Amino acid sequence: MSESKNIEHQMLQVENELVEYKEKLTDSLEKEAVAFLNAKGGNIYIGVKDNGDIIGVSNIDKLQLQVKDRLINGISPSILSLVSITTEKILDKTILKITLKEGTEKPYYIKNKGLSESGTFIRIGSSAQPMTQKTIYAFQTKSFPKSLINIESPEQELTFADLFIHYRRFSKPLNDSTFAKTLNFLTPDRKYNYLAYLMADNNQLSVRFARFNDAGERFELIEKAIEYGNCCLITAIQRILDRYDIENITLSKLTGTAHRIDKRLVDAKCLREIVINAFAHNDYSYGMLPIFEVFQNRFAIRSYGGLVPQLTINDFFLGVSALRNPELMRILKDLELVEALGFGIRGITKVYDRNIFEFTDNTMYVQLPFEKEVAESETESKGKVREKSKGKSKGKILELITENSQITVAEIAEAIGLSIAGVEKNIRQLKQEDIISRTSDTKSGEWIINI
């Protein structure tokens, strides 16, 4: 990897977008190399002052080995074919020249720093500048425009029983031998990709659903967050939609003409659209799934990746379509979770103000405020339930039954930290006091609160 040249000049050119000088090997070597790889390439000279004066280096063979080891092993993706290390002799002083070609698998990054602002750089002028997460993502999507199908699944022993069930429900049965190819579940070397991993029964991903008691800027987790996961993403989506349907209570009122008017905490159609969009447009390269939360006065939904890079905020609110995960969207359409021409952002902004959306480089956060009249009715109803219950455990049981009329004794016991026998004792007392009753003793039965 080395060759000698005799160059008859004392000064090299000044540092610029293609040239970097270093008096000696320092901790910033990988940073400077990554910056050139992510730009147009360039040369790093070791043994040269910033002003171009040649001072040379000693023990050149050892230095070459150190540089080679750090660059080859300290930078990802592999740069083996993109780097050459040579020696040059200028007026009897030996310097090391590192030549870096422009990379073909951008963004390159320092391995122990990861794809972050502290690990990913680009050459601008005569300096290495950190790349923002948005810039990093732009490089990724340029190199791999279909990221989900190009990223190899972390597991290859995958099963898809749930996905087959979902397709059969819509009379679209999958073929055992061809479904992986049909749904773009394979990488070019015929391994399962990340889209397949998301749809598998046995992935290791979970979706968090949490309830908070918020006072000002302070949030307190009311109960242990529920994790919906380690299953087909379609199943997780359905469970989140079902959970929000329970949380999104309805207030029914009779008008003077005996017509019933139903109001919900939030607009059900908007809520459904936002939940599905959170999954459809989430950037799964972050290794995280959307997060769903319930507060005292709102539902909140957070997804990762921010806006798709080619969209502006104005484009977003105009309803301009740009898909981050087109293959995932195809599956959602197959299973009728989204329409070809969905309700969309413009439909949501007819019901809610634009300020329910909050954007950062890495996330999109949506907060749907509760209908005040419905929220007050719910609070009043819960208050009546609590008044009828004198015991602390009974009150918790009643709250859980209010939220889920089909909850089991075992689920109640786990939620409140009481034994099954203890829960059954409290339930017997509540029945004797005529506070609750049940439609059936079978698993399909429901709890009724007699207020």
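**Figure 1. Helices H8 and H9 meet through their side chains in this predicted model.** From H8 (residues 233-247), the residues in the contact are Leu233, Ile237, Ile240, Leu241 and Tyr244. Across from them, H9 brings in Leu271, Arg272, Val275, Ile276 and Phe279. Sorted by class, that makes nine nonpolar residues, one charged and no polar ones. As for the geometry, H8 packs on H9 (residues 268-280) at about 155°, and 11 Å separates the two axes. Anything over 145 degrees counts as roughly antiparallel, so that is the label for H8 and H9. The crossing of H8 past H9 is right-handed.

**Figure 2. Helices H15 and H16 pack at an angle of about 110°.** Here we look at H15 (residues 409-416) and H16 (residues 420-432), whose axes lie 9 Å apart. Values from 65 to 115 degrees count as roughly perpendicular, and H15 and H16 are therefore put in that group. On the H15 side, look for Val409, Ala410, Ile412, Ala413 and Ile416. Their partners in H16 are Ile420, Val423, Glu424 and Ile427. Eight of the contact residues are nonpolar and one is charged, with no polar residue taking part.

**Figure 3. Helix H12 has buried residues along one face.** Which residues of H12 (344-351) are buried? They are Gly344, Ile345, Gly347 and Ile348. Look down the axis of H12 and these buried residues stay within an arc of 160°, which is why they line one face. Arg346 and Lys350 sit on the other side of H12, and both are exposed. The cover over the buried residues of H12 includes H9, helix H10 (313-318) and strand E17 (357-359). H9 is also the partner of H8 in the packing of Figure 1.

**Figure 4. Helix H5 carries buried residues under a cover that includes several helices.** Leu163, Phe164, His166 and Tyr167 are the buried residues of H5, which spans residues 161-169. Viewed along the H5 axis, they fit within a 160° arc, so one face of the helix is lined by them. Among the elements covering them are H6 (179-182), H7 (194-199), H8 (233-247) and H11 (326-334). Just past the end of H5, check the backbone at Ser171: its phi is positive, at about 55°.

**Figure 5. Pro77 follows a cis peptide bond.** The bond runs from Ser76 to Pro77, with omega near -5°. Pro77 belongs to the loop that connects strand E4 (75-76) with strand E5 (83-90). Is Pro77 buried or exposed? Its relative accessibility is 18%, and the cut-off for buried is under 20%, so Pro77 counts as buried. Leaving aside residues up to four places away in sequence, Pro77 touches Glu105, Pro107 and Tyr108. Tyr109 is 32 residues away from Pro77 along the chain, yet their C-alpha atoms are 7.5 Å apart.

**Figure 6. Pro107, a contact of Pro77, has a cis peptide bond of its own.** The cis bond joins Lys106 to Pro107, and omega is about 5°. Pro107 is found in the loop between strand E6 (93-100) and strand E7 (109-110).

**Figure 7. Asp92 and Asn184 take positive phi values without being glycines.** Asp92 has a phi of about 70° and lies in the loop between E5 and E6. What is the relative accessible area of Asp92? The value is 71%, so Asp92 is exposed. For Asn184, phi is about 60°, and the loop in question runs between H6 and H7. Asn184 is partly exposed, at a relative accessible area of 34%. H6 and H7 also turned up in Figure 4, among the elements covering the buried residues of H5.

**Figure 8. The whole chain puts the close-ups in context.** The chain has 451 residues, 45% of which count as buried. Its secondary structure adds up to 16 helices and 20 strands. Taking the contacts between residues at least 6 apart in sequence, 62% link residues that are at least 24 apart.

How values were computed
Residues numbered from 1 in each chain as written. Predicted model: local features only at pLDDT ≥ 70, side-chain atom pairs only at ≥ 80, totals over all residues. Heavy atoms only, no water. Helix = DSSP H or I, 4+ residues; strand = E, 2+ residues; numbered from the N terminus. Buried < 20%, exposed > 50% of the residue type's maximum accessible area, 1.4 Å probe, protein only. Contact = heavy atoms within 4.5 Å. Arc of directions from axis to C-beta. Axes fitted to C-alpha atoms, helices over the stretch in contact; angles between N-to-C directions. Parallel < 35°, antiparallel > 145°, perpendicular 65-115°, else oblique. Left-handed = near helix turned anticlockwise from the far one by under 90°. Nonpolar A, V, L, I, M, F, W, Y, C, P; charged D, E, K, R; others polar.
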